[in-house]
Amino acid sequence: MKKTLVLGASDNPARYAYKAVHSLKRHGHDVVPVGLRKGQIAGIDIHTDRPTDSEIDTVTLYVGPQNQPTWYDYILDLKPKRIIFNPGTENPELERMAQERGIQTEEACTLVMLSIGNY
């Protein structure tokens, strides 16, 4: 299973990041939710710091491109195998930076990928 960092996590059930954490967990993936406010999703604490887990396979983004620059170094330093740009988070600059470091990028929806077995 793929250890996934969900950037933009929120304990608001209406948010897609919340739904993604639940779906990832339901599909057996280890999940590291990172957000701006403390809370819990599916029994997992939301990190408000920047955990430096060296085993992150995937970073899935739920932060708009206008708010991503402050996260660039953090995301890239994690050295994930891939970054998923969910709808509304597409960012050519970060995609280019990731690809230059050998990180695969996808413009896709994590929830759809999980639902069709394409994660």
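Is Lys79 buried or exposed? At 66% relative accessibility, Lys79 counts as exposed, because the cut-off for that label is over 50%. Keep in mind as we go that this is a predicted model. Lys79 sits in the loop that runs between helix H2 (72-77) and strand E6. Its backbone is worth a look too: phi of Lys79 is near 55°, a positive value in a residue other than glycine. Most residues other than glycine have a negative phi.

Ala42 makes a good companion to Lys79. Phi of Ala42 is also near 55°, again a positive value in a residue that isn't glycine. You'll find Ala42 in the loop between strand E3 (40-41) and strand E4 (44-45). With a relative accessible area of 21%, Ala42 is partly exposed, because that value falls between the 20% limit for buried and the 50% limit for exposed.

Now let's step back to the overall layout. The UniProt annotation "domain: CoA-binding", from an unreviewed entry, covers residues 2-114. Over that stretch the chain is 27% helix and 21% strand. The C-alpha atoms at the two ends of the stretch are 12 Å apart.

Next comes the sheet. It's an open one with five strands, in the order E2-E1-E5-E6-E7, and the pairing is parallel. Which strands stand at the edges? They are E2 (31-34) and E7 (104-107), and each has a single partner strand, so one side of each is left without a neighbour in the sheet. From one strand to the next, the twist averages 20°.

Follow the sheet to the E7 edge. Strand E6 (residues 82-85) pairs with E7 in the parallel sense, over four bridges. Within this pair, Ile84 stands opposite Glu106 in E7. Helix H3 (residues 92-100) packs on the sheet here, touching strand E5 (58-61) as well as E6 and E7. The direction of H3 makes about 150° with that of E7.

Some loop residues are tucked away. Take Asp57, in the loop between E4 and E5. Its relative accessible area is 12%, so Asp57 is buried, the limit being under 20%. Leaving out residues up to four places away in sequence, Asp57 touches Lys2, Lys3, Pro80, Lys81 and Arg82.

His29 has a similar story to tell. Look for His29 in the loop between helix H1 (16-26) and E2. His29 is buried, with a relative accessible area of 11%. Lys2, which we just met beside Asp57, turns up again: the side chain of His29 reaches the backbone nitrogen of Lys2 at 3.0 Å. Setting aside neighbours within four places in sequence, His29 is in contact with Met1, Lys2, Leu24, Leu114 and Tyr119.

One last stop is Ser10, in the loop between strand E1 (4-7) and H1. What does the side chain of Ser10 reach at 3.1 Å? That would be the backbone nitrogen of Asn12. Beyond its neighbours within four places in sequence, Ser10 is in contact with Arg15, Ala17, Tyr18, Ile41 and Ile46. Finally, try finding Ser10 and Leu78 together: they are 68 residues apart along the chain, and their C-alpha atoms are separated by 21 Å.

Technical notes:
Residues are numbered from 1 along each chain as its sequence is written. This is a predicted model: local features need pLDDT of at least 70, side-chain atom pairs count only at pLDDT 80 or more; totals for chains, interfaces and linings use all residues. Side-chain values use heavy atoms; hydrogens and water are left out. Two strands pair if DSSP finds at least two bridges between them. Axes are lines fitted to C-alpha atoms, for helices over the stretch in contact, and angles run from 0 to 180 degrees between N-to-C directions. Contact means heavy atoms within 4.5 Å. UniProt positions are given in the numbering used here, feature names are shortened, and annotations may be inferred rather than shown by experiment. Buried means under 20% relative accessible area, exposed over 50%, partly exposed in between (1.4 Å probe, protein chains only). A polar contact is a pair of N or O atoms within 3.5 Å; within protein, one must be able to donate a hydrogen and the other to accept it, and residues adjacent in sequence count only if both atoms are side-chain atoms.
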